[in-house]
Amino acid sequence: MLFAEFETQEPDILIALLSAYPFEGFQEFESSVFAYVENENWKAIQNDVMNSIDAVARFIKIEPLEEKNWNAVWEASYTPVLIDNFCAIRASFHEPINTCTHEIIIDPKMAFGACPELVAEA
């Protein structure tokens with residue numbers, strides 16, 4: 001996987017143009033856009049992309065994206081919520097919090113969508 005960086009004052013227009021190509025996703029900033037693409041796809045579309053964005057963006061760079069377990073990275077940054085000593089809200093991958101009267105365990109799975117267990121019961 002690669003990420004391409006583009007400088008632009010029109011990120012919405014740039015993303016609309018790039019959406020015609022096999023990019024995996026986009027990250028929009030105030031004056032730039034990161035576009036994520038597989039190595040093989042980039043080789044095939046590079047010239048066309050450069051020609052189509054010329055009026056709205058300037059290509060900055062393309063770099064390999066470090067292979068990571070993004071779920072593990074996210075879990076490491078996800079912290080429990082403590083409400084005094086009354087309640088702790090945490091995910092099951094956190095250690096138990098024994099200093100609170102109540103502990104609520106919520107596993108963040110699909111942000112939007114049905115829980116497979118509930119669909120099977122319906």
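Helices (H or I, at least four residues) and strands (E, at least two) are taken as DSSP runs, numbered from the N terminus.

## Model and confidence

This is a predicted model, in which local features need pLDDT of at least 70 and side-chain atom pairs count only at pLDDT 80 or more, while totals for chains, interfaces and linings use all residues. Residues are numbered from 1 along each chain as its sequence is written, and side-chain values use heavy atoms, with hydrogens and water left out.

The protein chain has a mean pLDDT (the predictor's confidence in each residue, from 0 to 100) of 86, and 89% of its residues reach 70 or more. For residues 112–122 the pLDDT is below 50, and this stretch has 2 contacts (heavy atoms within 4.5 Å) in the model beyond near neighbours in sequence.

## Four-stranded sheet

Strands 2-3-1-4, in that order, make an open sheet of 4 strands with antiparallel pairing; two strands pair if DSSP finds at least two bridges between them. Strand 2 (25–28) and strand 4 (57–64) are the edge strands, and each pairs on one side only. On average, neighbouring strands of this sheet are turned by 20° against each other, direction ignored. Such angles run from 0 to 180 degrees between N-to-C directions, and the axes are lines fitted to C-alpha atoms, for helices over the stretch in contact.

Strand 1 (residues 2–8) pairs with strand 3 (residues 32–37) in the antiparallel sense over 6 bridges. Ala4 stands opposite Ala35 in strand 3, and Phe3 has Tyr36 of strand 3 as its bridge partner. Strand 1 also pairs with strand 4 in the antiparallel sense, over 7 bridges, and there Glu7 has Arg58 as its bridge partner. Of the 7 residues of strand 1, 6 are buried, so this strand is largely enclosed by the rest of the structure; buried means under 20% relative accessible area, exposed over 50%, and partly exposed in between (1.4 Å probe, protein chains only).

## Helices on the sheet

Helix 1 (residues 11–18) packs on the four-stranded sheet and touches strand 1, strand 2, strand 3 and strand 4. Its direction makes about 170° with that of strand 2. Helix 2 (residues 39–53) lies across strand 1, strand 3 and strand 4, and runs at about 170° to strand 4.

The axes of helix 1 and helix 2 come within 10 Å and cross at roughly 145°. This crossing is right-handed; the term applies if the near helix is turned clockwise from the far one by less than a right angle, and left-handed if anticlockwise. Leu14, Leu17 and Leu18 of helix 1 make the contact with Val49, Ser52 and Ile53 of helix 2.

## Three-stranded sheet and Arg90

An open sheet of 3 strands has the order 5-6-7 and mixed pairing. Strand 5 (81–83) and strand 7 (102–105) are at the edges with a single partner strand each, so one side of each has no neighbour in the sheet. The twist averages 15° from one strand to the next. Strand 5 pairs with strand 6 (residues 87–90) in the antiparallel sense over 3 bridges, and Leu82 stands opposite Ala88 in strand 6.

Arg90 lies in strand 6 and is buried, with a relative accessible area of 6%. Its side chain makes a polar contact with the side chain of Glu103 (2.6 Å). A polar contact is a pair of N or O atoms within 3.5 Å; within protein, one must be able to donate a hydrogen and the other to accept it, and residues adjacent in sequence count only if both atoms are side-chain atoms. Leaving aside neighbours within four places in sequence, the residues in contact with Arg90 include Pro80, Glu95, Ile97 and Ile104.
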